[in-house]
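Let us walk through this structure together, one part at a time. Where would you begin looking?

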Amino acid sequence: MMRWRVALAPSVLILIASLLNAIVFHGPLYRFANENAGDTFLGNALNLGTIFVMVFAITAVVSLIFYILARWSLKPWWVLVFLCNALALYFINTYQVTLDKTMMGNVFGTNPGEATDLFHPKLLAYVVLLGLLPSLVVLKIQLSAERKRKTFAVLCVVGALALAWLYFASQSWLWVDKHAKKIGGMILPWSYVVNTGRYEWAKFVDHRDQILLPAATSTSHKKTLVVLVIGESARAKNFSLYGYNKPTNPELEALKIIALKGAKSCATYTTASINCILSHNDEGATLLKNEEPLPNYLQRHGVEVYWRSNNSGESVLKVHDYKNAGDLKPACQSQGQNQGCDHDEVLLTDFKKIMASATSDKVLIVLHPTGSHGPSYYKKYPPQFEKFKPTCQTVDLQKCSSQELVNAYDNTIAYTDHFLAEVVRSMQGVPDYASTMLYVSDHGESLGEYGLYLHGTPYSMAPDVQKDIPFLVWMSERFIQDKSMAVDRLRAGQSFSHRHIFHSVMGAFDMRSPIYAPEFNIFNATSSDTPVNKNEK
Ligand SMILES: [Zn+2]
């Protein structure tokens, strides 16, 4: 093996590594700058220069400070940066994601199963070429001695030159400010370092003791069953119930399910959306609020609450019984329904048992399927639901034609159609309950439109497909009679939101409390003239 020795002063190594970082890992950032350029050549050159100087200077300055504070940290720090940057760049290039706080939440909310879904051989190439290789070079380099004073001098020079550039290129500030969020999410390693910190902080704040909501009372003792299904990444556009031109909802159409029109999600990612769905007000999306969510509230007031999950990103729950797909799978298989046990139908495994043993006259079952969770759409349904072909069979979505991608996605919707129909059929099996099923998706999904995939685009910039969600309602005859429901009025409603869930579930159980807002209760559509849906703000 060839022996080579290169000796470098630590500050020189830091400058070279920072330069390498600014050149190798920021292709997507410069591409973004190019695509969002203004109309003058000089202006664009200034913008590009400013980002380059920012990336280089921030990295160099922070690394120099680290070195001054802890000399041993220099090599481990750069090895870590190269390895993590290689991973980050792979995901940015493959899925066009921005590594903001939301996305870091998604990364840490991803369970191991989903993580293996994301694996692709190209990922290995990124890690070896852009992560391991530069790391080895860094480890091989001999560091010469350097006085702290000299390191500090280098730090000052880099800082001063960067400030001088920013001063003379002040024209570019406006452009940087306008795209700050997007740019911040693409500067490596700072996007994921800073945003992981922000995410962890928000999570810490979220796990304080929950603020209890005011006491509720119920006016009836009728046997009532509510099944709330929280969908995943389902967009209204691909439901034939909402006019899609492919038959994705044959079973629900036959069940005459009601598709509420104009429903918008409150956020474009799971954690925030679930907060909204389970919250009584508009502030569900802010992670700083920490009020008890709907299931905890109802459980505390005598409703027997069950939660069945094949997904993640859930609130802190205090319910009668929580089980995930793994808990349910053995019982599912022993009932001999092997196909469904690997998919969302596993959540219905003990439905009969729950209904036979429930001790309260009010039962809430929350189902949290994996639905249309990308990017491996083709793995989210059993083989017999491969209705639309050919399908995208890789997680590298850009490799697939638009048609293959949409087909795979549509198959997940067709399977959701079957799953929800199974839920309704199970509910029809307990006729002594007045029962209703509410299905609402957490957010929509992008399937390559405007070059976007998956979801999680900041709300103000997100396309409608990430925000327009299906909101479906089924009611038993008994329920319709009990509530004197004017079904046609409900069907005619024009705009619904996540906020309607909390108040409608309270309404279904005839529960009242100071926070109950009847205008958000969809079951308020009685023959009297109460407005069915006052729009939010
Ligand atoms: Zn989601």
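Along the chain, the donors of the zinc ion follow the spacing E-x37-T-x171-D-H. These protein donors are Glu232 (OE), Glu232 (OE), Thr270 (OG1), Asp442 (OD) and His443 (NE2), lying 2.0 to 2.7 Å from the ion. Thr270 belongs to helix H13 (residues 270–277) while His443 sits in the loop between strand E9 (434–441) and strand E10 (446–447), so the pair ties together parts that are 173 residues apart in sequence. Donors here are N, O and S atoms within 2.8 Å of the metal (3.2 Å for Na, K and Ca), and water is not among the atoms, so sites may look incomplete. Helices (H or I, at least four residues) and strands (E, at least two) are DSSP runs, numbered from the N terminus.

Please keep in mind that this is a predicted model, in which local features need pLDDT of at least 70 and side-chain atom pairs count only at pLDDT 80 or more, while totals for chains, interfaces and linings use all residues. Residues are numbered from 1 along each chain as its sequence is written, and side-chain values use heavy atoms, with hydrogens and water left out.

Are the zinc donors Thr270 and His443 buried or exposed? Thr270 is buried, with a relative accessible area of 9%, and His443 is buried too, at 0%. Buried means under 20% relative accessible area, exposed over 50%, and partly exposed in between (1.4 Å probe, protein chains only). Ser233 is also buried, at 0%; this residue is found in the loop between strand E4 (224–231) and helix H12 (250–254). Phi of Ser233 is near 55 degrees, a positive value in a residue other than glycine.

Now step back to the whole chain. The chain holds 21 helices and 13 strands, and its C-alpha trace spans about 85 × 50 × 45 Å along the principal axes. Of its 537 residues, 56% are buried.

Helix H7 (residues 121–140) is a good one to follow by eye. Its 20 residues reach 27 Å from first C-alpha to last, close to the 28 Å expected at 1.5 Å a residue; the expected span is 1.5 Å times one less than the number of residues. H7 has a kink of about 30 degrees centred on Val128, where the bend at a residue is the angle between axes fitted to the seven residues ending there and the seven starting there. Among the buried residues of H7 are Leu123, Tyr126 and Pro134.

Further along, Arg147 lies in the loop between strand E2 (142–143) and helix H8 (148–168). At 61% relative accessibility, Arg147 counts as exposed. Its C-alpha atom is separated by 9.5 Å from that of Ile68, a residue 79 positions away along the chain.

Two prolines are worth a visit. The peptide bond from Leu188 to Pro189 is cis, with omega near 0 degrees, and Pro189 lies in the loop between H10 and helix H11 (190–206). The bond from Gly374 to Pro375 is cis as well, with Pro375 in the loop between strand E8 (362–368) and helix H18 (402–428).

Finally, let us return to a residue with an unexpected sign. Leu454, in strand E11 (residues 453–454), has phi near 55 degrees, a positive value in a residue other than glycine. At 13% relative accessibility, Leu454 counts as buried.
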